[in-house]
Amino acid sequence: MADLVVRHPVLELLARRAERADQATASADGARLALAIEGGGMRGVVSAGMTAAIELLGLTACFDLVVGTSAGALNGAGLLAGVADACCSAYHAVFTTRRFINPYRLLIGRAAVDVAFTLDHADDALDAARHQRTAASAIPLHCVAVDVDQAAAVLLSELHCVEDLRAALLASTRMPWVGGPPVPFRGRRFLDGGLAESIPYRTAVALGATHVLVLQTRPHGASVEPVASFADRIITRRLRALNPALTGLYQRRTAEYDHAVAELAAATDAPQPDGPFLYGLRLPAGSQVVGRFERCAGALEAAGRAAREHAERVLRGAAASGRSDASHQPGRAPR
């Protein structure tokens, strides 16, 4: 299949930085390039495939910061550790086991999803030292989580030791009810960041990003799948017991998500002349939609492969576009 060539300020900045990979990124061009990564439980295999493409193309060092929500935070950590491709493969291997996801545990009062298992797991591809590399990375990782008492999204940053990194990743991924109780971290309690900001591009801009590459896990045209009514009632009741204001976040999440998708689509198709510049990378319409708790290894492998291949085509095409238009000025939208 031919490369997909796209003109956009985010992709052009990425291409220029890739061409001079031996230079410092932030100080060389005055821009600040962020990678914002959507999660979504096992649907995170899509953003994992996209980070694997970034890793394969040698583009990781082009970014000034990484912001992730839920599984997106896990995938961002994997990218900074240099194991993005291995993380993508794990989604359709060890992460499909009942050790990670087992709904029957809910019947005995235990969490159905055990993210700690994925963090503690180590093998030949996902080595135990990967968390230390993420914590020591010169590119900071920021994790979006929801503060239980504030009922608002907060940013977990300054994750310079493995203990803080692990706690922040657990906090960002702690799904209500199915994931267990809130995660304590730095004297506060946290739940999954997806309750408030599933696609963390606004947080990236708030951190000073002038350009944001956004990895989205639902393809064009895919809507948010409804939660089963039984589970919806339990989650609402659990959130209300923690803080009644959390139920508002939960009830507004679909509308907020749709608004974010529309905003990203507009910024991708018609970037504003003065920025900030946002490029939403997502699979084409008609692509497979992965469920939040998908455990079919074949479906997950196919989704991860499709995401990696699509991201490679877009990013390779952007690099070709950047090389063919050296006169284009940094930070300017194409005319």
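I count helices (H or I, at least four residues) and strands (E, at least two) as DSSP runs, numbered from the N terminus. With that settled, I looked up the chain and found twelve helices and eight strands.

**Ground rules.** I am working with a predicted model, where local features need pLDDT of at least 70, side-chain atom pairs count only at pLDDT 80 or more, and totals for chains, interfaces and linings use all residues. Residues are numbered from 1 along each chain as its sequence is written, and side-chain values use heavy atoms, with hydrogens and water left out.

**Overall build.** I checked the radius of gyration, taken over C-alpha atoms, against the globule rule of 2.2 Å times the number of residues to the power 0.38. The chain comes out at 19 Å, close to the 20 Å that the rule gives for 335 residues, so it is as compact as a globular protein of that length. Along the principal axes, I read a C-alpha trace of about 65 × 40 × 40 Å.

**Cover.** I call a residue buried under 20% relative accessible area, exposed over 50% and partly exposed in between (1.4 Å probe, protein chains only). By that measure, buried residues are 55% of the 335 in the chain.

**Contacts.** For me a contact means heavy atoms within 4.5 Å. Of the contacts in the chain with a separation of 6 or more, 76% join residues 24 or more positions apart.

**Strand β8.** I turned next to residues 277–281, where five of the five residues in β8 are buried. Which residues cover the two faces of β8? I found Phe277, Tyr279 and Leu281 on one side, with Leu278 and Gly280 on the other. That fits a rule I keep in mind: in a regular strand the side chains alternate between the two faces of the sheet.

**Its partner.** I take two strands as paired if DSSP finds at least two bridges between them. Strand β7 (residues 211–215) pairs with β8 in the parallel sense, over five bridges. Within this pair, I saw leucine 213 opposite tyrosine 279 of β8.

**Arginine 253.** I located this residue in helix α11 (residues 245–269). Is arginine 253 buried or partly exposed? Its relative accessible area is 23%, so arginine 253 is partly exposed. Leaving out residues up to four places away in sequence, I noted that arginine 253 touches Leu195 and Val227.

**Helix α1.** My last stop was residues 9–19, where nine of the eleven residues in α1 are buried. Among them I listed Pro9, Leu13, Arg16 and Arg17.
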